[in-house]
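Trainee: Could you take me closely through the salt bridges of this protein, with attention to where the partners sit and how far each is covered?

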Amino acid sequence: MSAMEKISAAIIGAGMGGLAAAAGLTRAGLKVTIYEQATKFARLGAGIQIGCNAMKVLREWGLEPVLRRAAFYPRSWNNREYDTGDIRFDMIFGPAAEEKYGAPYLLGHRGDLHTALASAVSPELIRLDHKLVGFEQLADQGVSLRFANGTSVTADAVVAADGVHSLVKDQLFGRHEPNFTGRIAYRTVFPASLLNGYAIDDCTKWWGPDRHIVIYYVKPDRSEVYFVTSQPEPGFTVESWSAMGDVGELRRAFADFHPQVRHVLDACPSVHKWALVDRDPLPRWCEGNVTLLGDACHPMTPYMAQGAAMAIEDAAVLSRCLQAVDRNGVASAFRRFEATRRERTSRVQLSSRTNTWLKGPTNPEWVYGYDAWQEPLANPEQGRPA
């Protein structure tokens with residue numbers, strides 16, 4: 001391989017993490033191809049909180065203007081008692097947080113963030129209908145990939161952004177089922193016009209004794225409302241993002257909540273339902289010229305709204321680790337990436353699991369103040385800043 005030849009990188013999965021990795025690695029000078037098992041992209045009905053830490057990464061890729069136009073700019077993330085509405089903690093965002101943390105905090109639709117990330121990647125780099133079925137690390141440090149459609153390819157580096165049920169993770173480190181938390185979530189996005197003029201807060205988490213609901217706008221003109229719940233239901237283990245839930249059952253589950261909550265639930269026409277899962281932090285993410293990224297190595301509960309943000313941070317740090325390395329340096333760059341990121345993502349995983357984030361007065365500096373472009377890169381062998 002000549003000094004001028006680009007490293008080829010195969011990214012498995014075109015979700016948030018995969019597209020972010022592609023955006024970062026193409027800008028770092030790699031020859032990138034993304035392999036996605038779906039036959040087309042779908043705009044799923046879900047909201048997403050885009051934290052200041054994620055926005056610092058997205059800004060570098062030129063995505064801040066489009067996201068500001070598409071997303072809602074909230075005054076705060078308000079935390080209230082489920083029945084009285086008494087304030088537990090009002091986390092102020094808006095201009096004050098933007099000045100403090102260096103970027104805005106936005107509330108958007110997952111589909112709009114996915115579209116923005118896709119716009120940062122040339123369409124010809126994406127191969128749809130490519131479900132990975134196996135891979136093999138070759139003696140010359142390349143990696144051979146096999147897909148269900150019969151295609152086989154070879155790449156210098158593989159980045160597996162293939163989610164909580166990562167085939168790559170299973171093949172590298174063994175198959176272990178994720179932790180079913182015994183809790184489920186309902187979620188939906190619906191037109192705010194269905195509220196019939198009823199005023200709701202910008203963004204509020206209503207804390208009940210054993211359940212909660214988060215409600216916020218996802219459009220700058222307040223035209224769409226999103227909510228997501230968490231409540232106990234140990235027997236439910238369906239993880240599909242497309243599985244439908246029973247609206248009547250949902251309303252009964254929150255019948256003793258504040259009138260604002262009940263009004264939102266009465267207005268929503270339909271909901272999706274899925275089981276909440278996570279994993280314990282993995283001791284290793286990479287092997288040779290293959291690494292995991294995002295939910296493949298650190299899936300987490302949604303209680304800190306940081307799952308996608310961690311994958312986006314991963315992508316920025318990975319692109320820095322691979323900048324200007326040759327084919328022989330891929331494995332070392334992947335170890336550096338893991339050593340730089342693992343402590344932070346493990347802390348977020350375990351903190352999110354407790355579901356206490358912003359429940360009372362909280363200093364969020366360690367989350368929102370992080371800058372993936374400035375974080376010191378660790379020594380790949382010793383795990384300390386180089």
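Mentor: What follows is a walk through the charged pairs, one after another.

The model is a predicted one, and a search of the whole structure finds 23 salt bridges, set against a background of 42 positive and 43 negative side chains whose two centres lie 0 Å apart. One of the bridges joins R80 to D201, with the closest N and O atoms 3.3 Å apart. This pair links distant parts of the chain, since R80 belongs to strand β4 (residues 76-81) while D201 lies in the loop between β12 (179-191) and β13 (203-207), 121 residues apart. R80 has a relative accessibility of 18% and therefore counts as buried, the cut-off being under 20%, whereas D201, with a relative accessible area of 21%, is partly exposed.

Another bridge that reaches across the chain is formed by E249 and K273, whose closest N and O atoms are 3.4 Å apart; here E249 sits in helix α7 (residues 247-253) and K273 in strand β17 (residues 271-278), 24 residues apart. In this pair the acidic partner, E249, is partly exposed at 33% relative accessible area, while K273 counts as buried at 8% relative accessibility.

The side chains of E177 and R175 also meet in a salt bridge, at 3.0 Å from N to O. E177 is partly exposed, with a relative accessible area of 49%, and R175 counts as exposed at 57% relative accessibility. Finally, there is a linked group to examine beside these pairs: R59, E64, R68 and E98 are joined in a network of salt bridges.

Notes:
Residues are numbered from 1 along each chain as its sequence is written. This is a predicted model: local features need pLDDT of at least 70, side-chain atom pairs count only at pLDDT 80 or more; totals for chains, interfaces and linings use all residues. Side-chain values use heavy atoms; hydrogens and water are left out. Lys and Arg count as positive and Asp and Glu as negative; His and the chain ends are not counted. The place of a charge is taken as NZ of Lys, CZ of Arg, CG of Asp or CD of Glu. A salt bridge is a side-chain nitrogen of Lys or Arg within 4 Å of a carboxyl oxygen of Asp or Glu. Helices (H or I, at least four residues) and strands (E, at least two) are DSSP runs, numbered from the N terminus. Buried means under 20% relative accessible area, exposed over 50%, partly exposed in between (1.4 Å probe, protein chains only).
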